[in-house]
Amino acid sequence: MNKLSEYRDGEAIDLMADMLGPLVSMTKNKEFMEKVNDKELTKLEKAQFALRACKHEVIMILAILNGVPYEEYHCSIASILIDLTVLLSDEDFVAFFESQGQKTSDTTFGSATENTEAVER
């Protein structure tokens, strides 16, 4: 399994298209997103919660990243540990979830920003 940053061009677009479904589903899980954005939890604690709260989505993502159809994907403790190590060390993957927590409400599109006024000269 490669890090997300290692995929390029058409391959990256196809991978993202496949992963959007489970990723969006995970970001809609309020408990999971609270854990992701809890600065006091370690990555392993967040991963533990993801494995329990988003099991189906995690399996879908691992199958996609390993290039195996969901129906044919099987994992073991060892393969999960290896794949999670790759994902949790992937700054692009972790940043995706952290950026989702910056939204201020369900009606906000994108990250929270500050309004400033320009000083006229």
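Contact means heavy atoms within 4.5 Å. In this predicted model, residues 24 or more positions apart account for 60% of the protein chain's contacts with a separation of 6 or more.

**Figure 1. Overview of the protein chain, which has six helices and zero strands.** Along the sequence the pattern reads α-α-α-α-α-α. Of the 121 residues in the protein chain, 24% are buried. The protein chain exposes about 8800 Å², and carbon and sulfur atoms supply 53% of that area.

**Figure 2. The largest nonpolar core, with 18 residues.** The residues with the most contacts inside this core are Met 19, Met 26, Phe 32, Val 58, Ile 61 and Leu 65. Two or more residues each come from helix H1 (9-27), helix H2 (30-36) and helix H4 (55-65). H4 gives the largest share, five residues. In soluble globular proteins, nonpolar side chains tend to be buried together. Apart from neighbours within four places in sequence, Val 58 is in contact with Met 26, Ala 50 and Leu 51.

**Figure 3. Helix H1 and its bend at Leu 20.** The bend is about 45 degrees, and a proline, Pro 22, follows within four residues. H1 has 19 residues, so at 1.5 Å a residue a span of 27 Å is expected; the end C-alpha atoms are 25 Å apart, which agrees. Leu 15, Met 19, Pro 22, Leu 23 and Met 26 are the buried residues of H1.

**Figure 4. Asp 9, a residue of helix H1.** The phi of Asp 9 is near 50 degrees, a positive value in a residue other than glycine. Most residues other than glycine have a negative phi. Asp 9 counts as exposed because its relative accessibility is 64%, and the cut-off for exposed is over 50%.

**Figure 5. Leu 51, in helix H3 (residues 43-53).** With 30% relative accessibility, Leu 51 counts as partly exposed. When residues up to four places away in sequence are not counted, Leu 51 touches Val 58, Ile 80 and Leu 84. One of these partners, Ile 80, is 29 residues from Leu 51 in sequence, and their C-alpha atoms are 9.8 Å apart in space.

**Figure 6. Cys 54, in the loop between H3 and H4.** Cys 54 has 1% relative accessibility and therefore counts as buried, the cut-off being under 20%. Its contacts, leaving aside neighbours within four places in sequence, are with Met 26, Asn 29, Phe 32 and Phe 49. Cys 54 and Asn 29 are 25 residues apart in sequence, with a C-alpha to C-alpha distance of 8.2 Å.

**Figure 7. Helix H5 (residues 77-88) and its two sides.** H5 has 12 residues and reaches 16 Å from its first C-alpha to its last, close to the 16 Å expected at 1.5 Å a residue. The buried residues of H5 are Asp 83, Leu 84, Val 86 and Leu 87. These buried residues cover an arc of only 155 degrees around the axis, so they are on the same side of H5. Ile 77, Leu 81, Ile 82 and Thr 85 are exposed on the other side. Leu 84, one of the buried residues of H5, is also touched by Leu 51.

Terms used. Residues are numbered from 1 along each chain as its sequence is written. This is a predicted model: local features need pLDDT of at least 70, side-chain atom pairs count only at pLDDT 80 or more; totals for chains, interfaces and linings use all residues. Side-chain values use heavy atoms; hydrogens and water are left out. A nonpolar core is a set of buried Ala, Val, Leu, Ile, Met, Phe, Trp, Tyr and Cys residues joined through side-chain atoms within 4.5 Å. Buried means under 20% relative accessible area, exposed over 50%, partly exposed in between (1.4 Å probe, protein chains only). Accessible areas come from the Shrake-Rupley method with a 1.4 Å probe; for residues, only the protein chains shown count as cover. The expected span of a helix is 1.5 Å times one less than its number of residues. The bend at a residue is the angle between axes fitted to the seven residues ending there and the seven starting there. The arc is that of the directions from the helix axis to the C-beta atoms.
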